Amino acid sequence: MAEFQRVILVHYHEIGLKGHNRSIFEKRLLRNLEALLSAYPLVTIHRIAGRLCVFLREGTERDVALACADAIVGVPGVARVSCGFKCERDLAQMGEAALLALSEAGEFASFKVHARRNHTDFPVDSMQMNREVGAILCAAHPDKRVIMKNPDVTVGVEVVQSAAYVYARSVRGIGGLPVGSSGRVACLLSSGIDSPVALWRMARRGAVPVGVHFSGRPQTSDASEYLVDDIARVLEKTGCIGRVYVVPFGDCQREISLLAPPSLRIILYRRLMFRVAERIAARERAGALVTGESLGQVASQTLENIRATDAAVSMPVFRPLIGNDKLEIIEQAQELGTFEISSMDAPDCCTLFMPRSPETHARIEDVEAAEAALPVERWVAELAAAAEPHDYACPAYKPPREPKGE
């Protein structure tokens, strides 16, 4: 049997609907993959006929190719990932490559061939390729059934201008848009379950997320900061986070707890957080804030309290989880790989100086009256200046330039 170069075909869906701007999204996804796959034996990545094709070095082992494909599956913008081989535009070679691809597809009882000819300079049309390659596979697997609807395995054959690509193992990706194609957002990131999922959802829509973590330090330990770092390490595997700012927030919370009505503490905490996050977002040239709030989940997430919190900032606030219940969020956190980290117990600013009976239907005028007694502007400036940046591997992220004189 001939030796074929291993390739991984990266299919996308939403990018293909972008019309004249499509190439911008394709190039962004290509650059993201080049950076994220640097540990694998890549030769190059090319755009071919509505796909990206990852070419692996000759002699690459099957397990390495599968590990590379699995790494691609979680990258935003990828709709499907197919492992296969490059061969000549020759039916006999296509048949050999199809046999090899099918042998690596796992257990199956039924299959079909789906051929596509992207250039008419190849004289054999797609229907004839289906028959010819299918006949070779049927001869090698007489005990397997050929069915057109919902087979266990679909053997894909793609003929382009200079080569053919044949694959059988195909895994669904997460879809969406490539990170870096939709601007930048500042995400309030705790060590809990919800906010990492909210951040990931924005990355999946093409935004470059920058996290802002409010630590209870120095009033609590810095344990939550280590958990947030672990969460960021999970997210950076697919290029979904560029930087996290850690803001030591405990002293300001303590002051608010001493000076403000107990029932309004949570709202005042969050208004201050939003202001600091907005200041950091301006530094990062981010276009919106993002939180992990879900309507009615806790006291601070009622309509009235959300409105009172949003009134503290002029920047748009996105809440990707607003309509999800806790079980749905937990399920997505498990798929994402952050749930176990977020389930570890660590004191943070969210549990610091909590009142016994928080207000659930705050009036903005009452909140603003309580806030008038606090040195909010000074706190915002001090906290934003004290924010500690931690960078992660995100191909689409570039740190902001420091102003001259600082």
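## Salt bridges, strand pairing and the loop at G183

R47 has a relative accessibility of 39% and therefore counts as partly exposed (between buried, which is under 20% relative accessible area, and exposed, which is over 50%; 1.4 Å probe, protein chains only). The structure is a predicted model, in which local features need pLDDT of at least 70 and side-chain atom pairs count only at pLDDT 80 or more, while totals for chains, interfaces and linings use all residues. Residues are numbered from 1 along each chain as its sequence is written, and side-chain values use heavy atoms, with hydrogens and water left out.

**Salt bridge between strand 2 and helix 1**

- The count of salt bridges in the model is 28 (a side-chain nitrogen of Lys or Arg within 4 Å of a carboxyl oxygen of Asp or Glu).
- One of these links R47 to E26, with 2.9 Å between the closest N and O atoms.
- The pair ties together parts of the chain 21 residues apart in sequence, because R47 belongs to strand 2 (residues 42–48) and E26 to helix 1 (residues 22–36); helices (H or I, at least four residues) and strands (E, at least two) are DSSP runs numbered from the N terminus.
- E26 has a relative accessibility of 7% and so counts as buried, whereas its partner R47 counts as partly exposed.

**Salt bridge between helix 8 and strand 9**

- E284 forms a salt bridge with R184, and the closest N and O atoms lie 2.8 Å apart.
- This pair links distant parts of the chain, 100 residues apart: E284 sits in helix 8 (residues 265–284) and R184 in strand 9 (residues 184–188).
- Both E284 and R184 are buried.

**Salt bridge between E225 and R217, and a shared network**

- E225 and R217 form a salt bridge in which the closest N and O atoms are 2.7 Å apart.
- E225 is buried, its relative accessible area being 15%.
- R217 counts as partly exposed, because its relative accessibility is 23%.
- Elsewhere, R184, R243, E284 and D391 are joined into one network by salt bridges that share partners.

**Pairing of strand 5**

- Strand 5 (residues 110–117) pairs with strand 6 (residues 145–146) in the parallel sense, over two bridges; two strands pair if DSSP finds at least two bridges between them.
- Within this pairing, R145 in strand 6 stands opposite S110.
- Strand 5 is also joined by seven bridges to strand 7 (residues 153–159), and the two run parallel.
- V159 in strand 7 is the bridge partner of R117.

**The loop at G183**

- G183 lies in the loop that runs between strand 8 (164–175) and strand 9.
- With a relative accessibility of 42%, G183 counts as partly exposed.
- G183 touches G206, A207 and V208, when residues up to four places away in sequence are not counted (contact means heavy atoms within 4.5 Å).
- Between G183 and P209 the C-alpha to C-alpha distance is 8.9 Å, and the two residues are 26 residues apart in sequence.
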